[in-house]
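Biologist: I would like to go through the charged pairs in this model and hear the reasoning behind each label. Please set each value against its cut-off.

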Amino acid sequence: MAGTSDPGALPVIDVGPLLSHAPAGPAGAVAAQIQAACRERGFFYVTGHGLPGELLNQLADASAEFFALPLADKLEIDMERGGRAWRGYFPVGGELTSGRPDLKEGLYFGTELPGDDPRVLAGLPLHGGNLFPRQVPRLRPLVLAYLDELTRLGQAVLTGVALSLGLDAGYFARGYTADPTILFRIFHYPPSPPRTEDWGVGEHTDYGLLTLLAQDDSGGLQIAAPEGWVDAPPIPGTLVCNIGDMLDRLTGGWYRSTPHRVRNLSGHGRLSFPFFLDPGFAAEVPPLPDRAAAGDDGRRRWDGQDLRAFTGSYGDYLLGKVSRVFPQLRRDVLD
């Protein structure tokens, strides 16, 4: 797997001033770093995030316990049982990227909603309750606590993104993410066989505004950079942050959602914890008026898609993407 493993290839940004509501000077300095990272890479490491290390350690331990269960036990919370909420477990090969099965298994979670929530009663896709394994009861409180912590952190990082675009600090929190679409995954990647092209997850971009990723020490994440594929190895005490398609669209391509991929060559299982903070399901995300053509530099996206040509809500965009990742589930649940 070609690529540089120099962690200096991606900037490390201390977002502590954003979490502490620091004065304009320190917050502005962080915003300037975020702007440079979003323009140059679309990825950066986050430090000063305030995420309790013990929470992540316990979450990783409980996740490893779940993935070590027999397949029959894991399938008790198969995604088909989650219905339109699209939550639960999928086995190795059960998720597709660009039409090819990924070499990973995983758990899908989202905002925990009660059965009498109007969105659940209306059958709105991707809304509902989560499925948790009876064999690992501690996973439920850990996942829900992690969702709360990462939502807090994600909103703070989006404050920096807003400032980096010359917007009011609360632009996202009072608008697109006032009632955000929250998605969370726990992935287990078996070792990739050497000398094969079996990818844990193939080349792709994320769909929404912001992704915050915790990963174990296995490595394997790569991002597309002007000089080629660049490794994003784990740095203790940090999370990886990257921007998604909706931030690309919002900025007219001035900030680009960056393709990335994973191949686990560690020789042992790899755990990763991607958290997605995205626009509200019903929100439309037109380009900012002064950014509508800012990123039109003639570069084509890796997949040839023109994000500015899309019309509709974020929910429409998300469902279109997820339906290609799980085509069988789409046929069974949505059609």
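Biologist: Why is R134 called exposed?
Modeller: In this predicted model, R134 has a relative accessible area of 59%. Exposed means over 50%, so R134 is exposed.

Biologist: What makes R134 and E76 a salt bridge?
Modeller: Their closest N and O atoms are 2.8 Å apart. The cut-off is within 4 Å, so the pair qualifies. R134 lies in the loop between α5 (118-121) and α6 (139-164), and E76 in the loop between α4 (71-74) and β3 (88-90), so the pair ties together parts that are 58 residues apart in sequence.

Biologist: Why does E76 count as partly exposed?
Modeller: The relative accessibility of E76 is 31%. Partly exposed covers values between the 20% and 50% limits, so the label fits E76.

Biologist: How do you know that R41 is buried or exposed, and what about E227?
Modeller: R41 has a relative accessible area of 17%, and buried means under 20%, so R41 is buried. E227 has 51%, and exposed means over 50%, so E227 is exposed. These two residues form a salt bridge with their closest N and O atoms 2.9 Å apart.

Biologist: What makes E95 and K104 a salt bridge, and why are they called buried?
Modeller: The N to O distance is 2.4 Å, within 4 Å, so E95 and K104 form a salt bridge. E95 has 6% relative accessibility and K104 has 1%; with buried set at under 20%, both residues are therefore buried.

Conventions: Residues are numbered from 1 along each chain as its sequence is written. This is a predicted model: local features need pLDDT of at least 70, side-chain atom pairs count only at pLDDT 80 or more; totals for chains, interfaces and linings use all residues. Side-chain values use heavy atoms; hydrogens and water are left out. A salt bridge is a side-chain nitrogen of Lys or Arg within 4 Å of a carboxyl oxygen of Asp or Glu. Buried means under 20% relative accessible area, exposed over 50%, partly exposed in between (1.4 Å probe, protein chains only). Helices (H or I, at least four residues) and strands (E, at least two) are DSSP runs, numbered from the N terminus.
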